[in-house]
Protein chains: 2
Amino acid sequence: MKQEKPLILVTNDDGILAPGIRALISVMETIGEVLVVAPDKPQSAMGHAITINSTLYLDKISGENDPIAEYSCSGTPVDCVKLAVNEILKRKPDLCVSGVNHGSNSSINVIYSGTMSAAVEAGIEGIPAIGFSLLDYDWNADFEPIKSFIKRITLETLENKLPKGIVLNVNFPKLKENEIKGIKICRQAKAYYAQKFDKRQTPFGKDYYWLTGKFVNEDKGEDTDEWALENGYISVVPVQFDLTAHHAIQQLNTWNLNE
Amino acid sequence: MKQEKPLILVTNDDGILAPGIRALISVMETIGEVLVVAPDKPQSAMGHAITINSTLYLDKISGENDPIAEYSCSGTPVDCVKLAVNEILKRKPDLCVSGVNHGSNSSINVIYSGTMSAAVEAGIEGIPAIGFSLLDYDWNADFEPIKSFIKRITLETLENKLPKGIVLNVNFPKLKENEIKGIKICRQAKAYYAQKFDKRQTPFGKDYYWLTGKFVNEDKGEDTDEWALENGYISVVPVQFDLTAHHAIQQLNTWNLNE
C-alpha cells in the first residue's frame, strides 16, 4: 500500500529569495509534497504582525512544470501562513516549517522573530510547526552542515506528533557538521537586550535614531537554549501560545481589586 | 515626609491622537508623573514588531509649559517603549501602561496586539506593565465608565508589585459603569480566528486580498477572559514572555533525536 507523502508548507521571514529558505526547501522535498509561500522582501523582527489596514498580494513565481509551487506574498510571515492555508491549499497542511532564519531566534529573540511567528500562527491554526534558525546572520551562511539535522527533527516531529498547543523553536550553532554535539530539548533562557540608540542627524538637521543593542544573558542555567548553543548543541525549545502565567493567578487573587 | 509620585510611561498602538490614550493619560495624571511616547499613526496588529531596517523619528509634541511631556514616534509600540526608556528617561519608569485599546485584546488577540506588545516589552526590560483594552472598536468609544477601574487596577499594581516576568492584560466589557460586575483574574481562552480572505481585483486586473475573519472560541471554561467579558466582568490575565512549554519538555525527551 502506497503511503501518502505529507503536505509541507514552507515559509520564512528573510524573504523568498533567501538562501536559508532554499536550504529548507531542499530538505523538505526529500520528505513530502511542498508548497512555498514566503514574503517578497525581508520581514525580520516583524513579530506577530498581520496586515489588516492594507491589501495583500500573492504572486505565483514557479512555472507550470516546476516540481514545487512557490508564491511570494506582499505581507508578513503570519500573513503568508494565513493565505497559504485559506486561499491556496484550502486545507491544513500536515506540517509548517519556517526558516532557515539567517541569525538566532533563541531566548527572548523568539518574541521579536517573524520566523517563529509564522510557526506560532500555524500552531494556533492547529498545524504542527517548526521554526529553524542558524546562528549566522551572513546572507551567504553555510546551511549544508545542518541539513541532516533538519531532516531528522522534521521526521521525528511527523512521527511522534507534537503535543497540542506547542510548536518547536530550533536553533543551530554555527559549526561544522561533525562539530555539532547533538540535539538538546531546552527552555528559553531569560535574557534581554540592553538597548542603545545610535542618534544621528538628517542632512536637514533633524534627529533620527537607529535601534542597536547588546544581548544580555544573566541566566546561568544549563537547561537553556543559550547554554546548549554555546556548548555545541542544537537547541529545541517547545513554545506555547497560551501566554497565561497560570502560576501567578493565585497570587493576583489576593489583591484588593473588588473592594 | 513627602512621598514621591511614581513615574508612569504611557503608550498605545492606536496612535497618540486616539481617544483611548487620552482617557488613559487623564487617569494616570491623577496617580503619578506622566510621560507619553506613542506612535504617530495607528499600529494595530503589529505584534511585537521592532524597527531595525529603517530609521526612527521622535517628535516632542507638547509645549514647554504643558504639564505632561508627550512625544510621537514613527515606529511601532515596542519602539516607543525602547526609545522612552533609553533616550528620553534614561532610567526605568515605575510603571508602563499601554492603551486604552479601541477593541479587544482578550484570548488569542494578545499575540497580535501592539498594545500588549508594548506592555510585554516593558516587562522584558523589568518594568511593571499593564495593557488596557475596551471591547469597542469605535473611534468615539466611551471610556468614562472604565476610568475608575483603570485607576483601581493601577493603584493595586503599584502597591502589590507584579510577580517577576509577568505583565497584565486587562480587557473591559462595553457596559455602563454600574453594569460592570467586577474584576476577575482569568486565563487566556483557547480560541482562534477562522480566516477568510476577501479577494478583489485592482482596476488593472490584478488579484489582491483583504484579511478578514471570525473569532472562534470553543473554550467553555468559566475561568477564561472570554467568559468573564461575556458575563459582565473586567478580565485580568497575567501574561508571561517565557514562551517555553515547560510541561512538554519531558515528552520531547522521549523522541529519538540523537540516534
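Start by colouring the two chains separately: between them, chain A and chain B bury about 7,400 Å², with 64% of that on carbon and sulfur atoms. Keep in mind as you click around that this is a predicted model.

**Stop 1: the interface**

Select Leu243(A), Trp255(A) and Leu257(A). On the chain A side, these residues lose the most area to chain B, and together they make up 10% of what that side buries. Now widen the selection to everything in contact: you should pick up 79 residues of chain A and 79 residues of chain B.

Next, switch on the polar links. There are 26 residue pairs in polar contact across the interface, both partners having pLDDT 80 or more. Which helix gives the largest share of the side of chain A that touches chain B? Select residues 77-89 of chain A: this is helix α2, and six residues of that side come from there. Colour that side by class and you get 42 nonpolar, 22 polar and 15 charged residues.

As for salt bridges, the count between chain A and chain B is four. To see one of them, zoom in on Asp59(A) and Lys206(B), where the closest N and O atoms are 2.6 Å apart.

**Stop 2: a helix on the inside**

Hide chain B for a moment and select residues 19-28 of chain A, which form helix α1. Is this helix largely enclosed or largely open? Seven of its ten residues are buried, so the rest of the structure largely encloses α1(A). The buried ones to highlight are Gly20(A), Ile21(A), Ala23(A), Leu24(A), Ile25(A), Val27(A) and Met28(A).

What covers them? Add strands β1 (7-11), β2 (33-39), β4 (69-73), β5 (95-102) and β6 (129-134) of chain A, plus helix α5 (147-160), which are among the covering elements.

**Stop 3: salt bridges within the chains**

Over all chains, the whole structure has 22 salt bridges. Go back to α2(A) and pick Lys82(A), whose side chain meets that of Glu121(A) at 3.0 Å, N to O. Glu121(A) sits in helix α4 (residues 114-124), so this pair ties together parts of chain A that are 39 residues apart in sequence. Try a surface view here: both Lys82(A) and Glu121(A) are buried.

Now jump to Lys174(A) and Asp136(A), a salt bridge at 3.7 Å, N to O. Here the pair links two loops, 38 residues apart: Lys174(A) lies between β7 (166-172) and β8 (182-185), while Asp136(A) lies between β6 and α5. Which partner is exposed and which is buried? Lys174(A) is exposed at 57% relative accessible area, whereas Asp136(A) is buried at 10%.

Bring chain B back and select Lys199(B) and Asp207(B), a salt bridge whose closest N and O atoms are 3.8 Å apart. Lys199(B) is partly exposed, with a relative accessible area of 46%, and Asp207(B) is also partly exposed, at 30%. Then take Arg187(A), Asp219(A) and Asp223(A) together: salt bridges with shared partners join them into one network.

**Last stop: the annotated span**

Finally, select residues 8-194 of chain A. An unreviewed UniProt entry lists this stretch as "domain: Survival protein SurE-like phosphatase/nucleotidase". In the model, the span is 28% helix and 26% strand, and its end C-alpha atoms lie 38 Å apart.

How values were computed. Residues are numbered from 1 along each chain as its sequence is written. Chains are lettered from A and ligands numbered from 1 in the order in which they are written. This is a predicted model: local features need pLDDT of at least 70, side-chain atom pairs count only at pLDDT 80 or more; totals for chains, interfaces and linings use all residues. Side-chain values use heavy atoms; hydrogens and water are left out. UniProt positions are given in the numbering used here, feature names are shortened, and annotations may be inferred rather than shown by experiment. Helices (H or I, at least four residues) and strands (E, at least two) are DSSP runs, numbered from the N terminus. Contact means heavy atoms within 4.5 Å. Buried area is the accessible area (1.4 Å probe) that two parts lose on being put together, summed over both. A polar contact is a pair of N or O atoms within 3.5 Å; within protein, one must be able to donate a hydrogen and the other to accept it, and residues adjacent in sequence count only if both atoms are side-chain atoms. Ala, Val, Leu, Ile, Met, Phe, Trp, Tyr, Cys and Pro count as nonpolar, Asp, Glu, Lys and Arg as charged, and the others, Gly among them, as polar. Buried means under 20% relative accessible area, exposed over 50%, partly exposed in between (1.4 Å probe, protein chains only).
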